[in-house]
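Trainee: I would like to take a close look at a single part of this model and then see what lies around it. Could you walk me through it slowly?

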Amino acid sequence: MIRICETTDHSLTVAAQNGPFRAARVSERFALFLLFSLAAFAQQKTADWIWSARYVITMDADRHVIENGAVAIGANKILAVGPRAEIDRAYKPKQRLDRPNALIAPGLIDTHTHAPMSLLRGIADDKRLQDWLENYIFPAEAKNVDAEFVRWGTRLACLEMARYGTTTYTDMYYFEDVIAETTREAGLRGVLGQTIIGFPAPDYKTTDAALRGTERYLERFKNDPLVVPAVAPHSVYTVPEDVLKASRALATKYNAPLLIHLSETKRENEDNIAKRGMSPTAWLESLGVLNGRTLGAHGVWLADKDLGILAERHTGLAHCPTSNTKLASGIARVIDIHKRGIAMGLGTDGFAGSNNSADLVQEMALASKLQKVTRMDPEVLPARDALAMATIIGARALGLQDRIGSLEAGKLADLIAVSLEGSNAVPMYDVYSTFVYALKVTNVSDVMVNGRPIVRDARVLTLNAEQIKAKAAEYRRRIWESLQRK
């Protein structure tokens, strides 16, 4: 124990009671400083981690950027965010990560993808969507997709997403329980939807079997710390009316999200209007499918009336700019959608043909530039708002804004560090502009999800990269051979 005492000549000494050093005469000012420092040290709280960097981009309601900032983490939550000096005074960390020439930001949120399709990357590029689906993807899936295909495809996707700073992703595919297991193995967070489709699928041959299997899946993962299980009827053009209604009822029963492709192409809209006399959004509304937590992927061909419905129902949307341009589907009305108060996040879509990458930084930059050129206004969707789409707005679209999407005390500890060491990071005038328009996903150096580091010094800690790449090469040979057989 340290004690400060007055000597007979009224000077002060600092002594260690039962300690290893002798009392020393000191000035009164220094003694008082030491006393207050020791008192502050004694009041420090314990943190598991402190991450510090040149900038902390919070993405909170006021979009605070903290220079020389830090984030304190305890267990799986953020304890505090602020200037490094304040955080260091308040918390004593068990471990720390100091990146003096980097920025710290919330983990990126991908609101739409099909992770296992990474094993089909590049199999049929430069095709129209219906041609791509009906003549390439569906046949390749029918011949090759099983539980192990899904496991290895998800591992490959998670390897890429983790390395690129995506901490939460939204999936629609088959064998979703396997995807959930693999997502947990990778340490990522996922909103993972079991696909229900109106023809025999690799996992379930009937819609009744798919609905029963989806319920088992929802039950199994309903309280998982990393996985939010979801119901995913594919689209209005592949799922019958009664199955759409049953999907909504199942999602409501388990308070689970419902994920669905929505108005991705002009043909989808025109076919639905010709068949039912209304848009896909109006059709889903008439069936009651939008009565609950819902996320529609794409939303390229939404009319004003559709936007009114989606705003009233608090439906989230996923904007996939690379996919929509690569497949010539069109460009979503992001500015109009956001003006209606509809949360539209960013998605990469599938790895096979519609995008080929899990690069959310690319999506941010492209989303911003597409809105500028289509509206002929360089001021719309600035870099800060594009980053919001990949973080806090994406969280809102998924109904998870109270848990993720910004760096604030009490939220889950999902965060990334992005290096500013490269030539593409200098000079630094505006941190948002640099992040969205200049940096690349390869600048991501560190990733934490749920309080657990999963990437350190640009190396994924949770997955065996060489094993996964070797397995992907093996699947490439197998899939290619299967497509040569009639």
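Is histidine 114 buried or exposed, and what is its relative accessible area?

Mentor: Histidine 114 is buried, with a relative accessible area of 9%. Buried here means under 20% relative accessible area, exposed means over 50%, and partly exposed is in between, using a 1.4 Å probe and protein chains only. Before we go on, keep in mind that this is a predicted model: local features need pLDDT of at least 70 and side-chain atom pairs count only at pLDDT 80 or more, while totals for chains, interfaces and linings use all residues. Residues are numbered from 1 along each chain as its sequence is written, and side-chain values use heavy atoms, with hydrogens and water left out.

Now find the residue on the chain. Histidine 114 belongs to strand 8, which covers residues 108-114. Strands (E, at least two residues) and helices (H or I, at least four) are DSSP runs, numbered from the N terminus. Leaving aside neighbours within four places in sequence, histidine 114 is in contact with Asp171, Met172, Tyr173, His261, Asp349, Gly350 and Phe351; contact means heavy atoms within 4.5 Å. With one of these partners there is also a polar contact: the side chains of histidine 114 and aspartate 349 meet at 3.2 Å. A polar contact is a pair of N or O atoms within 3.5 Å; within protein, one must be able to donate a hydrogen and the other to accept it, and residues adjacent in sequence count only if both atoms are side-chain atoms.

Let's follow the chain to alanine 352, in the loop between strand 16 and helix 13. Alanine 352 is buried too, with a relative accessible area of 0%. Not counting residues up to four places away in sequence, alanine 352 touches Met117, Leu120, Arg121, Gly122, Trp132 and Ile137. That loop, between strand 16 (349-350) and helix 13 (360-375), also holds asparagine 356, whose phi is near 80 degrees, a positive value in a residue other than glycine.

From alanine 352 we can jump to glycine 187: their C-alpha atoms are separated by 24 Å, with these positions 165 residues apart along the chain. Glycine 187 comes just after helix 5 and takes a positive phi of about 85 degrees. In helix 5, the buried residues are Glu176, Val178, Ile179, Ala180, Thr182, Thr183 and Ala186. Their cover includes helix 4, strand 9 (166-173), strand 10, helix 6, strand 11 and strand 19 (452-456).

Helix 6 (residues 207-221) has buried residues of its own, among them Leu211, Tyr217 and Phe221. Helix 5 (176-186) is part of the cover over them, and so is helix 7 (241-253).

Helix 4 leads us to the nonpolar interior. A nonpolar core is a set of buried Ala, Val, Leu, Ile, Met, Phe, Trp, Tyr and Cys residues joined through side-chain atoms within 4.5 Å. The largest one has 133 residues, and those touching the most other members include Ile57, Leu103 and Phe149. Helix 4 (residues 147-163) gives this core its largest share, 9 residues. A second, separate core has 15 residues, including Trp49 and Met448. In soluble globular proteins, nonpolar side chains tend to be buried together.

Let me finish with two things to find on your screen. One is an open sheet of 8 strands with mixed pairing, in the order 6-5-4-7-17-18-19-20. Strand 6 (77-83) and strand 20 (459-460) each have a single partner strand, so one side of each has no neighbour in the sheet. Inside the sheet, strand 4 (residues 45-57) and strand 7 (residues 91-106) run in the parallel sense over 10 bridges; strands pair if DSSP finds at least two bridges between them.

The other is a pair of cysteines. The count of disulfides is 0, a disulfide being a pair of cysteine sulfur atoms within 2.5 Å. For cysteine 158, the nearest cysteine sulfur, that of cysteine 320, is 17 Å away, which is too far for a bond. Cysteine 158 is buried at 0% relative accessible area, and cysteine 320 is buried at 0% as well.
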